[in-house]
Amino acid sequence: MARGRVMKPWYQSKTLTILVVLWALFTACLGIMIVVIFVQPHWMSGKNPTSTSSTNVNFGLYRNCSDNLNDCSGSLNEFNNIYSVAWQACTVFVALSFTSTFISVAMMLLYWLCCFESSGIGFRSSSGLQAFAGLCMLITCLIYPVGWDTPEVQAICGSDAGVYKIGNCKVNWAYWIAVICMADAFVLSYLSLMFIEREIGTNVNVTSRNSKRTSGTSTDDDFRGRRMASNGYYNQDTTTL
């Protein structure tokens with residue numbers, strides 16, 4: 001960035017506008033992915049040893065289902081019956097992550113529509129909300145394996161299953177999507193804060209430097225004027241017209 005170059009506000013810059021639109025699209029995709037992993041019972045799966053057809057049992061945050069999703073048990077209305085306290089906490093953290101992401105999108109839409117000049121506040125707030133969403137997803141990914149020691153999981157995954165030991169089961173695609181959501185939230189938070197807010201901050205800094213430069217030039221002119229007057233360069237005109 002050139003020294004002393006005055007930057008345009010983001011909504012008057014083509015590059016920054018494209019960046020903001022991409023940020024909004026990826027944030028919307030993040031919210032959709034969080035909803036998908038919240039409702040899908042595909043965080044881990046294993047063969048049902050009591051079934052003659054060797055069907056899989058898929059575990060989610062608050063429910064488990066067969067492969068065809070026709071035979072499911074558990075719901076949010078039965079929150080206290082979720083197999084593990086760790087999975088109850090995961091359900092809450094994923095819900096908080098989605099709420100935080102939704103609020104960040106709504107806040108930026110509000111600033112885009114109404115408050116162009118003060119959009120820096122919106123960018124900073126959205127950055128904080130997305131960082132919070134990423135933190136919630138990080139905690140979810142760390143504590144979900146703690147629930148693998150429950151009797152219901154051990155009945156499917158074997159007696160070897162325990163905390164951070166999956167036994168005969170396997171981690172399914174929803175868990176890896178949760179990891180992607182965590183990384184995505186932190187990256188979007190960084191973009192919102194560093195790329196966009198830095199441009200807004202640069203405008204303020206350049207304006208401040210220009211003001212100081214103008215003030216300094218005016219002071220120098222006054223000083224030179226006083227010196228010239230004291231040396232007799234300026235004579236009062238006493239001629240009467």
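Student: How many disulfides does this structure have by the rule for sulfur atoms?

Tutor: The count comes to 2 disulfides by that rule, which takes a pair of cysteine sulfur atoms within 2.5 Å as a disulfide. In general, a disulfide is a covalent bond between the sulfur atoms of two cysteines. Before we go on, please keep in mind that this is a predicted model, where local features need pLDDT of at least 70, side-chain atom pairs count only at pLDDT 80 or more, and totals for chains, interfaces and linings use all residues. Residues are numbered from 1 along each chain as its sequence is written, and side-chain values use heavy atoms, with hydrogens and water left out.

Student: Which cysteine is joined to Cys-65?

Tutor: Cys-65 is joined to Cys-72, with 2.0 Å from S to S. The torsion about their S-S bond is about 120°, so this disulfide is right-handed.

Student: Is Cys-65 buried or exposed?

Tutor: Let's start with the terms: buried means under 20% relative accessible area, exposed means over 50%, and partly exposed lies in between (1.4 Å probe, protein chains only). Cys-65 has a relative accessible area of 2%, so Cys-65 is buried. Its partner Cys-72 is at 31% and therefore counts as partly exposed.

Student: What about the disulfide of Cys-157 and Cys-169: how is the link handed?

Tutor: The sulfur atoms of Cys-157 and Cys-169 are 1.8 Å apart, and with -95° about the S-S bond the link is left-handed. Cys-157 lies in helix α4 and Cys-169 in the loop between α4 and β5, so the pair ties together parts that are 12 residues apart in sequence. Helices (H or I, at least four residues) and strands (E, at least two) are DSSP runs, numbered from the N terminus. Cys-157 is buried at 1% relative accessible area, and Cys-169 counts as buried at 8%.

Student: What is the pairing when the bonded cysteines are numbered in sequence order?

Tutor: The pairing is 1-2, 3-4.

Student: Why is there no bond from the sulfur of Cys-90?

Tutor: The closest cysteine sulfur, in Cys-141, is 8.3 Å from that of Cys-90, so it is too far for a bond. Cys-90 counts as buried, at 0% relative accessibility. Cys-181 is in no disulfide either, and the nearest cysteine sulfur, that of Cys-141, is 8.5 Å away. Cys-181 is buried too, with a relative accessible area of 0%.

Student: Now the strands. How many bridges join β1 to β2?

Tutor: Two strands pair if DSSP finds at least two bridges between them. Strand β1 (residues 44-47) is joined to β2 by 4 bridges, and the two run antiparallel. One example is Lys-47, whose bridge partner in β2 is Asn-56. On β2 (residues 56-59), Asn-56 and Asn-58 point one way while Val-57 and Phe-59 point the other way, and all are buried.

Student: Which residue in β3 stands opposite Asn-58?

Tutor: That residue is Cys-65, the cysteine we met in the disulfide with Cys-72. Strand β3 (residues 64-66) pairs with β2 in the antiparallel sense over 3 bridges, and the two strands form a hairpin with 4 residues between them.

Student: Where is Gly-167 found, and which residues does Gly-167 touch?

Tutor: Gly-167 sits in the loop between α4 (151-157) and β5 (170-171). Contact means heavy atoms within 4.5 Å. Not counting residues up to four places away in sequence, Gly-167 touches Cys-157, Asp-160 and Ala-161. Gly-167 is partly exposed, at 36% relative accessible area. From C-alpha to C-alpha, Gly-167 and Gln-154 are 8.0 Å apart in space, and they are 13 residues apart in sequence.
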